[in-house]
Structure formats: structure tokens, C-alpha cells
Amino acid sequence: MREHAARLAALGLLAAAFAAACLPDDQPTRSIDPDAAQRTRAEMPEELVAHLDSGNAAYRAHDFERARDEYRAAIAVDSTATPAWFGVFMAELALGNAEAAEEALTRAQDLAPGASLIRGEEDGT
């Protein structure tokens, strides 16, 4: 249960970073507890956080290939890191690689089944 909450909080960190780089979000994010997100970040391996941060910075700079590479490096550190899979999804989508994006999104959704920010309307959220 704690691991699930940690994944959701970590996803919240990534979602917040992307929100700053993307068009306005049409989904409410009030359900993300910023304190829990910060605690989760503090519990992550430094190498994982470094790759996520580098991926986020590259994404904001529109360097989507570098962003994808950084998120994939994060996955190499922890293959269950939902934010890394979501980052791969966003980068692949930006690069026009729909199939790779869909695969990454499916993996992120599998890892964080309760995360409404990565669910489509067909999921009822």
C-alpha cells in the first residue's frame, strides 16, 4: 500500500513538472499532496532523481530525444518508476512515435492503477 502511494506521489512530481512545460492542464491536480510528493522524492535513489530531473529539463527545452534518453536511463535504475515511464510516453509522443508512446503509457498505467492524471476518459476518470 505504501509503495502504491509512493508511486502516485512520484507521478505527481512528474505531472507537476510537465504542467509547467505544457499547455494548461484540464484536469484538477488538487488530489496531489505536495508534502507526500516531496517525501517520495527524498526516498528515491539519487541517480533516479537525477535522470528524472534531466529528462524534465530536456523536455522543457523541447529536446525530446534527450528527454527520452534520460527517462529510459531512469528506467534502467528502477524499472518500476512510474514517472520515468510517463516521461517516456510524453517524449515519444512529442517525437511522433505513437506506438512507443502507447507502450510507455500502458506501462505507467499498469504501475499506478489509481493515478487519474494518466487515465483517459474511457477509464471513467
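Leaving out neighbours within four places in sequence, histidine 51 is in contact with Glu70, Ala73, Ala74 and Val77. That is one place to enter this predicted model. Histidine 51 sits in helix α3, which covers residues 46-60. Is histidine 51 buried or exposed? Its relative accessible area is 18%, so histidine 51 is buried. The cut-off for buried is under 20%.

Now step back to the whole chain. The protein chain holds 6 helices and 0 strands. Read from the N terminus, its elements run α-α-α-α-α-α. The chain has 125 residues, and buried residues make up 40% of them. How do the contacts spread along the sequence? Take the contacts between residues at least 6 apart in sequence: 58% of them join residues at least 24 apart.

Follow the chain out of helix α3. Histidine 62 lies in the loop between α3 and α4. Its phi is near 65°, a positive value in a residue other than glycine. Histidine 62 has a relative accessible area of 55%, so it is exposed. Histidine 51, by its 18%, is buried.

Close to this loop in sequence comes a charged pair. Aspartate 63 and arginine 66 form a salt bridge through their side chains, at 3.7 Å from N to O. Aspartate 63 has 31% relative accessibility and therefore counts as partly exposed. Arginine 66 has a relative accessible area of 38%, so it too is partly exposed.

Helix α4 spans residues 64-77 and carries arginine 68. Which residues are linked with Arg68 in a network of salt bridges? They are Asp69 and Glu92. In one link, the side chains of arginine 68 and aspartate 69 meet at 3.8 Å, N to O. Aspartate 69 has a relative accessible area of 47%, so it is partly exposed. In another link, arginine 68 pairs with glutamate 92, and their closest N and O atoms are 3.5 Å apart. This pair joins distant parts of the chain: arginine 68 is in helix α4, glutamate 92 is in helix α5, and 24 residues separate them. Glutamate 92 has a relative accessible area of 5%, so it is buried. The count of salt bridges comes to 4.

Stay in helix α4 and move along to isoleucine 75. Its relative accessible area is 11%, so isoleucine 75 is buried. Which residues does isoleucine 75 contact, leaving aside its neighbours within four places in sequence? They are Ala84, Trp85 and Val88. Isoleucine 75 can also be placed against leucine 52. The two are 23 residues apart in sequence, and their C-alpha atoms are 9.5 Å apart in space.

Trp85 and Val88 lead on to the next pair of helices, because both appear among the α5 residues that meet α6. Helix α5 covers residues 82-94 and helix α6 covers residues 98-111. Their axes come within 8 Å and cross at roughly 160°. How do α5 and α6 run relative to each other? Angles over 145 degrees count as roughly antiparallel. The two helices are therefore roughly antiparallel to each other. The crossing of α5 past α6 is left-handed.

Which residues meet where α5 contacts α6? From α5 come Thr82, Trp85, Phe86, Val88, Phe89, Glu92 and Leu93. From α6 come Ala100, Ala101, Ala104, Leu105, Arg107, Ala108 and Leu111. By class, this contact has 11 nonpolar, 1 polar and 2 charged residues. Glu92 belongs to this contact, and Glu92 is also part of the salt-bridge network with Arg68 and Asp69.

The walk ends past the last helix. Alanine 112 lies in the segment after α6. At 0% relative accessibility, alanine 112 therefore counts as buried. Its C-alpha atom is separated by 9.6 Å from that of alanine 81, and the two residues are 31 apart along the chain.

Methods:
Residues numbered from 1 in each chain as written. Predicted model: local features only at pLDDT ≥ 70, side-chain atom pairs only at ≥ 80, totals over all residues. Heavy atoms only, no water. Axes fitted to C-alpha atoms, helices over the stretch in contact; angles between N-to-C directions. Helix = DSSP H or I, 4+ residues; strand = E, 2+ residues; numbered from the N terminus. Parallel < 35°, antiparallel > 145°, perpendicular 65-115°, else oblique. Left-handed = near helix turned anticlockwise from the far one by under 90°. Contact = heavy atoms within 4.5 Å. Nonpolar A, V, L, I, M, F, W, Y, C, P; charged D, E, K, R; others polar. Buried < 20%, exposed > 50% of the residue type's maximum accessible area, 1.4 Å probe, protein only.
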